[in-house]
Amino acid sequence: MDGCLHCVFTWQKACSIFHTQGWKHLRRSFSTEKVIHKDHSLPNPSWSKDLRLLFDQFMKKCEDGSWKHLPSSECKVPQRIHSFKTYFLDSKPVKEDQLSQARPFTRSYEVGQGFEYAMFYNEDEKRTVCLFQGGPYLEGPPGFLHGGALATMIDTTLGVCTISCMGLFMTANLNINFKSPIPLCSVVVISSQLDKVEGRKVFVSCNVRSVDEKTLHSDATDPVLVILYPYRMTFLHLILLFSLQR
Ligand SMILES: CCCCCCCCCCCCCC(=O)SCCNC(=O)CCNC(=O)[C@H](O)C(C)(C)COP(=O)(O)OP(=O)(O)OC[C@H]1O[C@@H](n2cnc3c(N)ncnc32)[C@H](O)[C@@H]1OP(=O)(O)O
């Protein structure tokens, strides 16, 4: 944890420098309060055989260091934590009591009911893969996954890809083609790739395939994510950011 706190300060310093250099719309707050982590991206009883198998395969790929498993953590301490909250100065500030209720959308369901997923990152290839099982509360058409739920996971995967390679971001544009419906509670593989960078704009692409790769469920071409803090993150920074999610 000491190492992580060191990362907070290093990262905070890097961001502050950028902040004082002129990107004036953004404000953020940090805390060094004690955080207890729970990793939500590890197998749990709701995971299907497919998800477990894929997870094990990717964990194997991590052994030679080419891929890295990105943990997902949740703060379990009762105190309010302003760990990593950003907001725009010209927006209405979030009220304290509302903020205390805040939690990442994709981790806000009970185990197995909503978004079950694990992410893996390949630094050399600038790729992120998300193994995703959409639970029963994510139904759209009867028996199938809601398109918005898939869009959420695509955006999250693209976001993780971008944050891993480039730094903090906001999604500016996201175009999704829905090609084949996804049966509820089945597993899909969401693969994203950083294609090019133009100034602060990052172009990423993404496809969603069935476990056997035969079915292309969806793709997203030319989504644009705009970088807020252009800071190259190390793996330690990434772990820290994910752990600071509430
Ligand atoms: C967060 C950390 C925790 C760790 C967890 C990580 C996982 C998280 C996963 C969760 C994921 C959740 C993810 C989410 O849910 S993000 C939430 C959804 N997104 C938003 O709310 C974004 C709202 N929009 C904005 O805030 C601003 O418009 C932004 C910040 C995007 C740009 O405003 P800013 O004033 O800063 O910059 P600019 O206007 O000078 O534009 C800059 C450049 O960008 C180009 N541009 C702009 N718009 C578009 C567009 N629509 N298509 C194509 N291009 C566009 C523009 O032409 C210009 O290019 P150029 O002229 O320079 O060439």
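The following dialogue examines the fold, the core and selected loop residues of a predicted model.

Student: On what basis are residues numbered and features accepted, and how many helices and strands does the chain have?
Tutor: Residues are numbered from 1 along each chain as its sequence is written. Because the model is predicted, local features need pLDDT of at least 70 and side-chain atom pairs count only at pLDDT 80 or more, while totals for chains, interfaces and linings use all residues. Helices (H or I, at least four residues) and strands (E, at least two) are DSSP runs numbered from the N terminus. On that basis the chain has five helices and eleven strands.

Student: What percentage of the residues in the chain is buried?
Tutor: A residue is buried if 20 or more other C-beta atoms lie within 10 Å of its own, exposed if 12 or fewer, and partly exposed in between, with C-beta atoms placed from the backbone. The chain has 246 residues, and the buried share of them is 32%.

Student: Which element gives the most residues to the largest nonpolar core?
Tutor: A nonpolar core is a set of buried Ala, Val, Leu, Ile, Met, Phe, Trp, Tyr and Cys residues joined through C-beta atoms within 7 Å. The largest one has 43 residues, and Leu 131, Met 153 and Ile 190 have the most contacts inside it. Elements that give two or more residues to this core include α2 (49-61), β5 (127-134), α4 (147-165) and β8 (187-198). The element with the most, nine residues, is α4.

Student: Which residues does Met 153 touch, leaving aside those up to four places away in sequence?
Tutor: Two residues are in contact if their C-beta atoms, placed from the backbone, lie within 7 Å. Met 153 is among the residues with the most contacts inside the largest core. Outside the excluded sequence neighbours, Met 153 touches Phe 115, Tyr 117, Cys 130, Phe 132 and Ile 190.

Student: How are the buried residues of α2 arranged around the axis, and which elements are included in what covers them?
Tutor: In α2, Leu 51, Leu 54 and Phe 55 are buried. They lie on the same side of α2 because their arc, taken from the directions from the helix axis to the C-beta atoms, is only 105 degrees. On the other side, Lys 49, Asp 56, Gln 57 and Lys 60 are exposed. What covers the buried residues includes β4, β5 and β8.

Student: How far apart are the end C-alpha atoms of α2, and what span is expected?
Tutor: The expected span of a helix is 1.5 Å times one less than its number of residues. For the 13 residues of α2 this should be 18 Å, which agrees with an end C-alpha separation of 19 Å.

Student: How many bridges join β8 to β5, and how many join β8 to β9?
Tutor: Two strands pair if DSSP finds at least two bridges between them. β5 and β8 run antiparallel, with Phe 132 partnered by Val 188. β8 and β9 also run antiparallel, and Ile 190 stands opposite Val 208 in β9. The bridges number seven for β5 with β8 and ten for β8 with β9.

Student: Which residue of the β9 and β10 hairpin takes a positive phi, and is that residue buried or exposed?
Tutor: Four bridges join the antiparallel strands β9 and β10, and the hairpin has five residues between the strands. Most residues other than glycine have a negative phi. The residue concerned is not a glycine, yet its phi is about 65 degrees. With 9 C-beta neighbours inside 10 Å, it counts as exposed: Glu 213.

Student: Where is Cys 185, and what is its phi?
Tutor: Cys 185 lies in the loop between β7 (176-178) and β8. Cys 185 is partly exposed, because 17 other C-beta atoms lie within 10 Å. Its phi is positive, in a residue other than glycine, and is near 70 degrees.

Student: Which feature does UniProt place at residues 143-215?
Tutor: Over residues 143-215 the chain is 26% helix and 42% strand, and the end C-alpha atoms are 18 Å apart. UniProt positions are given in the numbering used here, with feature names shortened, and annotations may be inferred rather than shown by experiment. The unreviewed UniProt entry gives the feature as "domain: Thioesterase".
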